[in-house]
Amino acid sequence: METLEPRDHGLTEPPAEPSAAPGCAACLPLVVARQNARSNGDYSAVSDVNVELRRHHAAAHTS
């Protein structure tokens with residue numbers, strides 16, 4: 001029987017949630033939607049909003 005060596009899977013903390021860019025009218029509703037989803041216990045929606053907010057940041061807030 002073959003003996004398997006332990007592996008380092010490199011588990012880390014998940015990335016921090018994106019925040020609203022100051023003065024951005026598109027960021028604020030996303031952050032509010034995320035808070036509403038979290039308060040309702042809908043963590044799938046929280047994750048979906050985080051993805052949408054990261055995409056928005058990449059499209060609108062990077063140089």
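How many residues does helix 1 have, and what distance does helix 1 reach from its first C-alpha to its last? In this predicted model, helix 1 takes in residues 27-39, which amounts to 13 residues, and reaches 19 Å between its first and last C-alpha, close to the 18 Å expected at 1.5 Å a residue.

## The chain as a whole

The chain contains two helices and zero strands. Its C-alpha trace spans about 60 × 35 × 15 Å along the principal axes, and its radius of gyration is 17 Å, whereas a compact globule of 63 residues would have a value near 11 Å.

Of the 63 residues in the chain, 21% are buried. The chain exposes about 5200 Å², and carbon and sulfur atoms supply 54% of that area. When contacts between residues at least 6 apart in sequence are taken together, 51% of them join residues at least 24 apart.

## Helix 1

The buried residues in helix 1 are Cys27, Leu30, Val31, Arg34 and Ala37. They cover an arc of only 125 degrees around the axis, which means that they sit on the same side of helix 1. The face turned away from this buried side carries the exposed residues Leu28 and Ser39.

The cover over the buried residues of helix 1 includes helix 2, residues 43-60. Just after helix 1, Gly41 takes a positive phi of about 75 degrees.

## Helix 2

Helix 2 has 18 residues, which should span 26 Å at 1.5 Å a residue, and its end C-alpha atoms are 25 Å apart, in agreement with that expectation. Within helix 2, the residues Val46, Val49, Asn50, Leu53 and His56 are buried. Seen down the axis, these buried residues of helix 2 fall within an arc of 130 degrees, and they therefore line one face of the helix.

On the other side of helix 2, Arg55 and Ala59 are exposed. Helix 1 is included in what covers the buried residues of helix 2, just as helix 2 is included in what covers the buried residues of helix 1.

## Arg34 and Asn50

Which residues does Arg34 contact, leaving aside its neighbours within four places in sequence? Arg34, which has its place in helix 1, is in contact with Glu17, Pro18, Val46, Val49, Asn50 and Leu53. Among these partners, Val46, Val49, Asn50 and Leu53 are buried residues of helix 2. Arg34 has a relative accessible area of 6% and counts as buried, because buried means under 20% relative accessible area.

Asn50 lies in helix 2 and is likewise buried, at 8% relative accessibility. With its neighbours within four places in sequence left aside, Asn50 is in contact with Glu17, Pro18 and Arg34. Glu17 and Pro18 also appear among the contacts of Arg34.

## Salt bridges around Glu17

How many salt bridges does a search of the whole structure find? The search finds two salt bridges. Side chains of opposite charge can pair when their charged atoms come close.

The side chains of Glu17 and Arg34 meet in a salt bridge, with an N to O distance of 3.7 Å. Because Glu17 lies in the segment before helix 1 and Arg34 in helix 1, this pair ties together parts that are 17 residues apart in sequence. Glu17 also forms a salt bridge with Arg38, where the closest N and O atoms are 2.4 Å apart. The pair of Glu17, in the segment before helix 1, and Arg38, in helix 1, links distant parts of the chain that are 21 residues apart.

Glu17, Arg34 and Arg38 are thus linked in a network of salt bridges. Their accessibility can be set side by side: Glu17 counts as partly exposed at 36% relative accessibility, Arg38 counts as partly exposed at 28%, and Arg34 is buried, with a relative accessible area of 6%.

Notes:
Residues are numbered from 1 along each chain as its sequence is written. This is a predicted model: local features need pLDDT of at least 70, side-chain atom pairs count only at pLDDT 80 or more; totals for chains, interfaces and linings use all residues. Side-chain values use heavy atoms; hydrogens and water are left out. Helices (H or I, at least four residues) and strands (E, at least two) are DSSP runs, numbered from the N terminus. The expected span of a helix is 1.5 Å times one less than its number of residues. Buried means under 20% relative accessible area, exposed over 50%, partly exposed in between (1.4 Å probe, protein chains only). The arc is that of the directions from the helix axis to the C-beta atoms. Contact means heavy atoms within 4.5 Å. The radius of gyration is taken over C-alpha atoms; the globule rule is 2.2 Å times the number of residues to the power 0.38. Accessible areas come from the Shrake-Rupley method with a 1.4 Å probe; for residues, only the protein chains shown count as cover. A salt bridge is a side-chain nitrogen of Lys or Arg within 4 Å of a carboxyl oxygen of Asp or Glu.
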